[in-house]
Structure formats: structure tokens, C-alpha cells
Amino acid sequence: MYNDARRYLSRAPLRALHKNAWLLLPLPVVTFIFILIYSPIETYKTVLVSNPERPQVAQKFPVIMGKSVTDFGETERPPVLPNPVTTKKNFTIHIWNHGERMKRRFLRSYGRTVKDPYITCRVNNCRLTTNDSLVNASDAVLFHLHQTKGPETLPSFHPQKQIWIFFTDESPFHTFYATRKYTMKDYNSLFNWSMTYRSDSDIPVPYGRTVPLSDEERVKYKVKNYAALKAKGIAILGSNCGGRNHRWDYVKELKNHISVDIYGGCGTHKCPGHFTKDCPLIGDYKFYLAFENSNCREYITEKLWWNAYGKNTVPVVMGAPKSDYEKLCPPNSFIHTDDFESPSELAKYLDFLMNNDTAYNSFFSWKKDFKVVNEHGYFGSPSLHLCRICEALNDHYTSKPITYDDLQSFWNARSDCRRASWIPGA
């Protein structure tokens, strides 16, 4: 055993020492040095373990984004990998094919001024490239699935150590816009990491998060009469007048029982509010209908985080299951359409709240303990997408990344989405 240890150590960087010097070392010291040199190999193996709950999916790690309701819920739990791999190397992130377009969101937040994407990040050792002729020199490549026109339009060569990331911020129903010829299964064995709004992604980038207040913020908190600050009733803003969940049919029926002001292309009230320009008029209303276009798992967009919470307006939500909202949003801060048998029943409840300031203000009790942050890059809000990629590279970059061989089991409208809870005429 002693001679075996010497042979192992002869392959290590310490072999430059005189070989006879090892004879003076006791066996426990030699064993300790051997473990110290070779133990990182096991650390790398840990990173490559797939999620046992979904063995067909190469889900490797969550990006922990600070203590928040999103990350820990009501009780703290440790990250999946308490000791992630770290490195001090500099990384290059490349955005394939649509890099210049994505800079508008990732670097400028749809404004004119370029922002530092790492200003609130715990790392800043990454640089962004968009020249596709230099893609092979990058450490990670981001592919925006909305605009991808097929697997054959991806780079023809995939370097072994390069991480390929698929990005989507739409529901599984609307992942592909450029062409509907392909589905997720056509991209099997191509991508290494996922980057979506869902918390089970390799790189989670939710539209918004719920974060506990600091001690200093709690001291500064003051109770407000939000009901007295709102002069109007119910509003919704929309430019996409469709939706598999019959959201606009729901709004139409709701208007038969209570007044609803519709802004944007789907109504008669004028206000911008589409990525670039905000609609401050929404802040005059007591309620905002944050109706998503799909009822899919954790699909909760800026309609809730920016248009409702950001305007200090009570959100009436339709989209993800109520349990998802309870997990991700401030406690007792929203009204879910699933709790009502019909739009007329919801109208009765909203009418009650509009005439009871105490009951209405109870939907803001969470503000004494939590705050909401917007991180989608719309309307000038911060975009943390590049930050999250850089953090993931620092913590989990390996030389042998696992690929998604069964993408449809991770991202699938049939398994991740549900039918509308209310259907007109049913």
C-alpha cells in the first residue's frame, strides 16, 4: 500500500521533489496528500448527477438567487448542491443568431442606455459576444427558441466543453414562433442547460420574485390606506387578444356584471405598456386582471409582477395553478379565478371589496414583511439573465456537461399545462 501511494503521487505536480524524500513521510501524511490532490474529481461527478425524481432529464442544479419565498417557501431548505464547483476562470457567453436583438433587453432593458448586467451580481467575470463566426471560442452559447428555425440552423460544431443553453420565457404552448415545423423532441441531445422562468430550470430566470424585507426596511415600513389611493375599479391591458384559457371570453362575461376598463389593442382605452413604455394609468385602479395566455406551471409574467404588484394594485390572476401563485407570490396578495364558479361570482366579490376598505387593504398586509422585485428587463426593469448565466458558469462549469436527451419530458404543454377552469357556455 505504501508503494502504491508513492506511485500515485509520482503522477502529481509534487513529483518534482526528490523521490527519496517521501521515505521520510509517515503513511498517514502520504494518504492525506493523495486525497487532497484527487478529491476534486468526485466533486465534479457530484455536479453531473441527474435529478432522481425525473431521471430522464439532465437537471443538474438550481441557481440559488438569495433567500426569498421563491427559493425557500415557508421553511428553509438547502440548495440541491451545497458545495458547487467553483472556478476563477473568465467566461465568454455567446448569443447565437439573435445576439444584437437580445442586447436590447439584456443590456438596455428596452431603453437607450447600456447597463452593467452584473451590477447586482455576485460575479462579474463574464463577457458577451454576438459575432457568430467566433462562436466556437465561447464557453456557453444561448439559443432563443422563440426565433430558432430548426436544429439545422444551430452551429454545425459543438465543442466538448461548451455549454449550450436553450432559453424561453413563453409557455410550452408558445415556445416556437419562427416556425412550427419542429417540437422540443427535435432538439434532443443538443442542449446542456435549460433557462426558463420555472424554478426547476438549470438557470431559473423568473419574471419577478418575492423577497423578505431587511431589518432596516421593516423599520421604515408604514401602513397605508391603499383603498383611499385608488379612484377607479378594474383594469386590464392587452395586445394579444387570444388565449387557450378563454381569458378574453372571461373578461367579456365579467363586464356583464361589473365595469372593466380594457387598455391596449384589445380595448378602447389607450395606453402603451408593451415592453418599452409603461402604462402608469393602471396605478389608478384597485384591481388589475393579470390574465396569462396559457394556464401552465409557474407561467407568471410581468402582468402580475409589474402591472399589478408594481402599481400597488390587487391582482386578479388567471394562468398557473393557485398553488404556484401561493409558492411564488407574497402571502394573501392575490385573487385567483379558480376560486369562483363563474365570472359573475367573481364580480360579486370584487364589488364587495371595492366597498370595504378594511377588506381591500388586507391584500397589502404582506408589505410589512416582503417586497416584490421585477427582473424581466421590460419597461426599464433590471434584466438578470446574463448575471444568472455567469453565476451558473462560475458554480457549475464542467468539462463533461450532460445533455438533455428527453426534452419533451421537461418542457411539454400536455404535462405542464391545464385546461381552462371556466369555459363560456359550459
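**Aromatic pairs, a buried aspartate and nonpolar cores**

Student: At 1% relative accessibility, does Phe91 count as buried or exposed?
Tutor: This is a predicted model, in which local features need pLDDT of at least 70 and side-chain atom pairs count only at pLDDT 80 or more, while totals for chains, interfaces and linings use all residues. Residues are numbered from 1 along each chain as its sequence is written, and side-chain values use heavy atoms, with hydrogens and water left out. Buried means under 20% relative accessible area, exposed over 50%, and partly exposed in between, with a 1.4 Å probe and protein chains only. Phe91, at 1% relative accessibility, therefore counts as buried.

Student: How many residues apart in sequence are the parts that the pair of Phe91 and Tyr397 ties together?
Tutor: The structure holds 28 aromatic pairs, a pair being rings of Phe, Tyr or Trp (its six-membered ring) with centres within 6.5 Å, where planes under 30 degrees apart count as stacked, over 60 as edge-to-face and the rest as tilted. Phe91 and Tyr397 form an edge-to-face pair, with 5.3 Å between centres and 65° between planes. Phe91 lies in strand 1 (residues 91-95) and Tyr397 in the loop between helix 13 (385-396) and helix 14 (407-410), where helices (H or I, at least four residues) and strands (E, at least two) are DSSP runs numbered from the N terminus. The separation in sequence of the parts tied together is therefore 306 residues.

Student: Which kind of aromatic pair do Phe166 and Phe410 form, and how far apart in sequence are the parts it ties together?
Tutor: The ring centres are 6.3 Å apart and the planes stand at 75°, so the pair of Phe166 and Phe410 is edge-to-face. Phe166 lies in strand 4 (residues 163-167) and Phe410 in helix 14, so this edge-to-face pair ties together parts whose separation in sequence is 244 residues.

Student: Which residue has its charged end over the ring of Phe410?
Tutor: Phe410 counts as buried because its relative accessibility is 0%, and it belongs to one aromatic cluster whose members include Phe166, Tyr299 and Trp411. A charge sits over a ring if NZ of Lys or CZ of Arg is within 6 Å of the ring centre and within 35 degrees of the ring normal. At 4.7 Å from the centre of the Phe410 ring, the charged end belongs to Arg198.

Student: Which side chain is joined to that of Asp169 by a polar contact of 2.4 Å?
Tutor: Asp169 is found in the loop between strand 4 and strand 5 (193-195), and with a relative accessible area of 7% it is buried. A polar contact is a pair of N or O atoms within 3.5 Å; within protein, one must be able to donate a hydrogen and the other to accept it, and residues adjacent in sequence count only if both atoms are side-chain atoms. The side chain joined to Asp169 at 2.4 Å is that of Arg105.

Student: Which element gives the largest share of the largest nonpolar core?
Tutor: A nonpolar core is a set of buried Ala, Val, Leu, Ile, Met, Phe, Trp, Tyr and Cys residues joined through side-chain atoms within 4.5 Å. The largest has 49 residues, and those with the most contacts inside it are Phe191, Leu304 and Tyr325. Strand 3 (140-144), helix 9 (302-305) and helix 10 (322-328) are among the elements that each supply at least two residues of this core. The largest share, 3 residues, comes from strand 9.
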